[in-house]
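User: Please take a close look at one part of this structure for me: the charged side chains and their surroundings. How do they fit into the fold?

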Amino acid sequence: MKIVFMGTPDFAKESLQAIHKAGHEILAVVTKQDKPSGRGMKISITPVKEYAQEQNLKIYQPQKIRNNVEFIKEIRELRPEVICVVAYGKILPKEILDIPPKGCINVHGSLLPKYRGAAPIQRAIINGEKVTGITTMYMDVGMDTGDMILKQEEEIKEDETTGELWERLSKIGAKLLVETLEQIEKGTAPRTPQGEKFTMAPMLDKEVDGIIDWENKTANQIKNQVRGLNPIMGAYTYLEEKKIKLWKVKVAENDELKELVEIEKIKDKENGTIIISDSKKGLYIKTKEGIIKVLEIQGENSKKMPIEDYLRGNKIEVGKILKKQL
């Protein structure tokens with residue numbers, strides 16, 4: 001089929017590559033604008049643009065979509081049968097949605113109607129979900145509210161990070177998009193309304209979602225937060241006015257703790273208290289319920305590293321308390 005593809009990150013690149021290799025005619029690729037990144041503020045291009053350039057595909061990078069009369073006119077003149085949208089990062093106006101006769105198709109990283117919104121993969125991990133998946137759907141003017149086409153369920157592994165799940169789901173999404181287009185072409189694609197019950201997955205806010213609440217969160221909740229924010233932003237805390245990021249942690253087992261510390265002596269400690277800090281034994285922190293063992297850490301103005309390496313060069317005293325704010 002003749003397709004206009006809209007997407008931005010590596011998650012979308014997998015889908016673009018898959019439908020291109022499947023033999024569909026990619027009339028144009030629409031992706032976000034180039035932007036400076038990193039310490040050197042070097043201009044970087046999106047993974048989708050990178051693939052499009054390699055394949056000599058026509059590329060559009062409009063600053064805005066809504067009320068962009070010229071851009072909408074150009075897409076209309078391409079006469080796509082389908083527009084495929086995968087993690088594009090902008091909401092499409094009705095003028096775009098109405099262009100392709102066979103619809104605008106979206107690949108979404110959750111089992112809709114659960115986790116509509118910008119951060120479905122991250123929110124699923126942060127909330128401790130055991131299962132997630134991919135849904136393809138017909139787009140409408142709402143936020144991920146269109147009729148569903150195909151779904152594939154996937155188990156979330158116990159210690160899986162957002163980065164690891166993101167990579168797995170990107171491949172599943174690519175495969176499911178190819179299957180979806182085959183069914184649309186044959187006229188056999190199902191169309192299932194989502195119903196009224198749904199949950200939202202809003203964009204992550206570093207100030208709200210990134211900070212660790214030692215006082216009110218359990219060890220398991222903090223573990224889920226840490227892996228859910230890896231590698232996007234990292235979960236962070238403060239120790240003596242210095243910001244520290246935690247990139248990998250585990251919930252310490254009781255048998256493990258009994259060999260290191262007297263459990264009774266730490267029960268009345270304030271949540272966030274460092275109870276063990278040793279380059280050989282590791283770094284252990286008390287929470288509302290359970291103990292966190294830190295595996296990978298990043299000090300202020302430093303790089304991430306295994307906790308053993310960090311503690312060999314940085315002293316963290318037992319009894320110090322990690323704080324939610326300065």
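Analyst: Happy to. A residue is called buried under 20% relative accessible area, exposed over 50% and partly exposed in between, using a 1.4 Å probe on protein chains only. This is a predicted model, where local features need pLDDT of at least 70 and side-chain atom pairs pLDDT 80 or more, while totals for chains, interfaces and linings use all residues. Residues are numbered from 1 along each chain as its sequence is written, and side-chain values use heavy atoms, without hydrogens and water.

Let's start with the salt bridges. The structure holds 23 salt bridges, each a side-chain nitrogen of Lys or Arg within 4 Å of a carboxyl oxygen of Asp or Glu. A good one to begin with joins Lys-114 and Glu-129, whose side chains meet at 3.1 Å, N to O. Lys-114 sits in the loop between E7 and helix H5 (120–126), and Glu-129 in the loop between H5 and E8, so this pair ties together parts that are 15 residues apart in sequence. (Helices, H or I of at least four residues, and strands, E of at least two, are DSSP runs numbered from the N terminus.) The two partners are not equally covered: Lys-114 is partly exposed, with a relative accessible area of 37%, whereas Glu-129 is buried at 18%.

Helix H5 itself takes part in another pair. Its residue Arg-123 forms a salt bridge with Asp-209, and their closest N and O atoms are 3.0 Å apart. Since Asp-209 belongs to helix H7 (residues 206–209) and Arg-123 to H5, the pair ties together parts that are 86 residues apart in sequence. Here both ends are covered: Asp-209 is buried with a relative accessible area of 17%, and Arg-123 is buried too, at 12%.

Staying in this region, Ala-119 is found in the loop between E7 and H5. At 3% relative accessibility, Ala-119 counts as buried. Leaving aside neighbours within four places in sequence, Ala-119 is in contact (heavy atoms within 4.5 Å) with Ala-201, Pro-202, Met-203 and Leu-204. By contrast, the C-alpha atoms of Ala-119 and Lys-320 are separated by 34 Å, these residues being 201 places apart along the chain.

Further along, a pair of another kind lies within one helix. Asp-309 forms a salt bridge with Arg-312, with 2.3 Å between the closest N and O atoms. The two are three residues apart in helix H11 (residues 307–313), which puts about one helical turn between them. Asp-309 is partly exposed at 36% relative accessibility, while Arg-312 is exposed at 57%. Besides such single pairs, Lys-130, Glu-158, Asp-159 and Lys-223 are joined into one network by salt bridges that share partners.

Finally, here is the sheet that forms the setting. Seven strands make up an open sheet, ordered E5-E2-E1-E6-E7-E8-E9, with mixed pairing. Strand E5 (59–60) and strand E9 (148–155) are at the edges with a single partner strand each, so one side of each has no neighbour in the sheet. Strands count as paired if DSSP finds at least two bridges between them. Two bridges join E5 to strand E2 (residues 25–30), and these strands run parallel. Within that pairing, Ile-59 in E5 is the bridge partner of Val-29. E7 and E8, the strands whose loops to H5 hold Lys-114 and Glu-129, both belong to this sheet.
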